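I opened my notebook to record a few things I wanted to look up, one place at a time.

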Amino acid sequence: MTTAIGYALLMTFTVLLSYTSLSHGLLQDPRRISHGLSASGKYLTRDELWFNQTLDHFSPYDHRKFGQRYYEYLDHLRVPDGPIFLMICGEGPCNGIPNDYLSVLAKKFEAGVVSLEHRYYGKSSPFNSLATENLKYLSSKQALSDLAAFREYYQDSLNVKLNRSGKVDNPWFFFGASYSGALSAWFRLKFPHLTCGSLASSAVVRAVYEYFEYDQQIGESVGPECKPVLQEINKLVELGLKVNNKAMKALFNATELDVDADFLYLIADAQVVAVQYGNPDKLCVPLVEAKKNGSDLVEAYAKYVREYCVEVFGLSSKTYSRKHLLDTRITPESADRLWWFQTCTEVAYFQVAPGNDSIRSHQINTEYHLDLCNSLFGKGVYPEVDATNLYYGGDRIAATKIVFTNGSQDPWRHASKQTSSPDLPSYIVNCHNCGHGSDLRGCPQSPMIIEGDSKNCSSPDAVNKVRQHIIEHIDLWLSECRGVLRSSM
C-alpha cells in the first residue's frame with residue numbers, strides 16, 4: 001500500500017544489477033577516490049559491493065551470516081579525514097546511491113557516501129524463501145545492528161585502503177527518509193558513539209495502530225474544492241462494485257483483486273500517490289474540471305490512474321493481490337510482502353478511514369488490516385505498536401543531534417517528530433507540492449529530480465531555507481565530532 005514503502009520504491013525504477021567485485025583498486029589521486037557518475041546521472045553509483053552480515057545479532061550461539069549489498073561513492077571524499085555520509089536504504093531494493101540532494105551535501109562537506117541495503121530486501125535476503133518462519137529476523141532492531149556492524153567494517157576497510165594503522169575513525173553522519181529516516185533517528189538514539197548526527201527526513205518514528213490522520217491530511221492537502229470530488233468518486237466506485245463488480249475493476253485493470261476491500265485500497269492509494277510525492281495538481285486539476293463539466297467522474301479518475309499512477313509512478317494492482325502477497329519466492333516485487341510483515345509485527349501504520357468525513361472507503365478499517373496480516377502470516381500475528389514506541393520513544397525520542405524534516409503536504413508527517421528543540425531541531429517544508437522527503441528530493445519527489453533541485457517547488461525559498469538549516473546542523477555537529485575524535489587519538 002502507499003505506506004512508508006513509497007520512498008524506497010522511488011529508488012527502484014531501474015533494472016537489477018549484476019554482481020561486481022569487492023575491490024575498486026588503488027587510489028589514483030592523493031585526495032580523491034574516483035568512480036564517476038552512472039551513465040544515467042540519476043545515480044552516483046550502481047556498482048554493487050558485498051558484506052558478510054550477522055543473521056541474528058541477539059544470539060550468542062547463532063553464527064550464521066548472509067550477504068548484504070552496499071554501495072560506495074568516494075569522488076568527493078577529502079582523504080584521509082573527510083566525513084562519511086551513510087544513506088540508509090529502506091523497505092525496497094537498493095539499486096544504487098541516488099543523485100539527489102545528498103550528493104550536493106557530499107560535495108559541500110567533501111564527504112564519501114556509502115549506502116547499505118536493508119536485510120531481506122532486494123538482493124540481501126538471508127534465505128531462499130520468504131515463508132513466515134524465515135522472516136523472524138526481519139525487524140528494525142536487527143536492521144540497526146546491521147548498520148552498526150557495517151559501519152565498523154567499512155571504517156576498518158577504509159583504514160586499510162588508506163594505509164592507516166590502528167583504530168582511526170572518520171566522522172560519520174547518517175541519513176534516511178521515511179522508514180529509513182526513522183532508522184537514521186533510531187541509530188543515533190541507540191548508537192550515539194557511531195555517528196556525529198542524523199538527518200531524519202519524513203521519519204516515521206511514531207508507530208501508529210490506527211493511522212486515521214493519514215486520510216485527514218490528504219483531505220487537507222488537496223483542499224476544499226478537490227476533497228469532496230474525491231469523496232464522491234469513492235462513493236461512486238463502491239456503488240459500481242455493487243452494480244457490476246467485474247466491470248468496475250476492469251476499468252482500473254484490477255480484475256485480479258477478488259477482495260473488494262483490496263480494490264478499494266488501490267483506489268485510495270492512487271489518490272494518495274500524487275499528493276504524497278509532490279504532484280497534487282496531476283490529481284485535482286482534471287477531476288475538479290470533470291466535476292464542473294458534468295463529466296463521468298469515475299472515468300476521469302480511471303484515466304488519471306492509467307496515465308499517471310501506472311505509466312509514470314509505476315503503481316500496479318498486483319501490489320494489492322493477496323495471491324502476490326502470499327508468494328514466498330524471492331522476486332523484484334518481494335518488498336510488498338516484506339513491508340507488510342514489518343507493519344503487521346512492529347509498526348502498523350494502518351491507514352484506516354476516519355470515523356467522519358473520510359475520503360477512503362470505510363471498508364478500509366482496523367479489521368481489514370488485521371485480517372490481511374493473519375491471511376499473509378498466520379493467526380496470532382499482531383503489531384506490537386506499544387512495545388515499539390516504548391523501545392524507541394515514538395515522537396518523544398530522547399536523543400540528541402538529529403534534525404527532523406517534513407513536507408507540509410505529506411500525510412506521513414503526523415507519524416514523525418514535528419516539535420522542535422535545541423537537541424532535536426524539527427522543520428516543516430511549507431509549499432503546495434512539498435511531500436515525502438522533499439528536502440532531499442526537491443519537487444516533485446517522483447519522478448526523481450537530479451540533485452533534488454528545488455526550482456519546481458511552489459516555494460523554492462521554503463525548501464532552501466530548511467536545507468540551509470540542515471547544512472548548519474551538519475557543519476556544527478561534524479566540527480564537534482572532529483574535536484572529540486582528535487582528543488581521543
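The entries below cover a strand and its partners, a pair of helices, and a single serine.

Entry 1. I noted before anything else that I am working with a predicted model. I then turned to strand S3, which spans residues 65–73, and found that seven of its nine residues are buried, so I wrote the strand down as mostly covered. Looking for its partners, I saw that strand S2 (residues 49–54) pairs with S3 in the antiparallel sense over six bridges, and that glutamine 53 has phenylalanine 66 in S3 as its bridge partner. I also followed S3 to strand S6 (residues 112–116), where four bridges join the two antiparallel strands, and I marked tyrosine 71 as standing opposite serine 115 in S6.

Entry 2. I asked myself at what angle helix H6 and helix H10 pack. For H6 (residues 227–243) and H10 (residues 297–313) I recorded an angle of about 100 degrees, with the axes 9 Å apart, which means that H6 is roughly perpendicular to H10. I listed the residues that meet there: Val229, Glu232, Ile233, Leu236 and Val237 from H6, and Leu297, Val298 and Tyr301 from H10. Sorting the residues of this contact by type, I counted seven nonpolar, no polar and one charged.

Entry 3. Is serine 454 buried or exposed? I found serine 454 in the loop between helix H15 (438–441) and helix H16 (460–488), and I entered it as buried because its relative accessibility is 7%, while the cut-off for buried is under 20%. Leaving aside residues up to four places away in sequence, I noted that serine 454 touches Pro460, Val463, Asn464 and Arg467.

Technical notes:
Residues are numbered from 1 along each chain as its sequence is written. This is a predicted model: local features need pLDDT of at least 70, side-chain atom pairs count only at pLDDT 80 or more; totals for chains, interfaces and linings use all residues. Side-chain values use heavy atoms; hydrogens and water are left out. Buried means under 20% relative accessible area, exposed over 50%, partly exposed in between (1.4 Å probe, protein chains only). Contact means heavy atoms within 4.5 Å. Two strands pair if DSSP finds at least two bridges between them. Axes are lines fitted to C-alpha atoms, for helices over the stretch in contact, and angles run from 0 to 180 degrees between N-to-C directions. Angles under 35 degrees count as roughly parallel, over 145 as roughly antiparallel, 65 to 115 as roughly perpendicular and the rest as oblique. Ala, Val, Leu, Ile, Met, Phe, Trp, Tyr, Cys and Pro count as nonpolar, Asp, Glu, Lys and Arg as charged, and the others, Gly among them, as polar.
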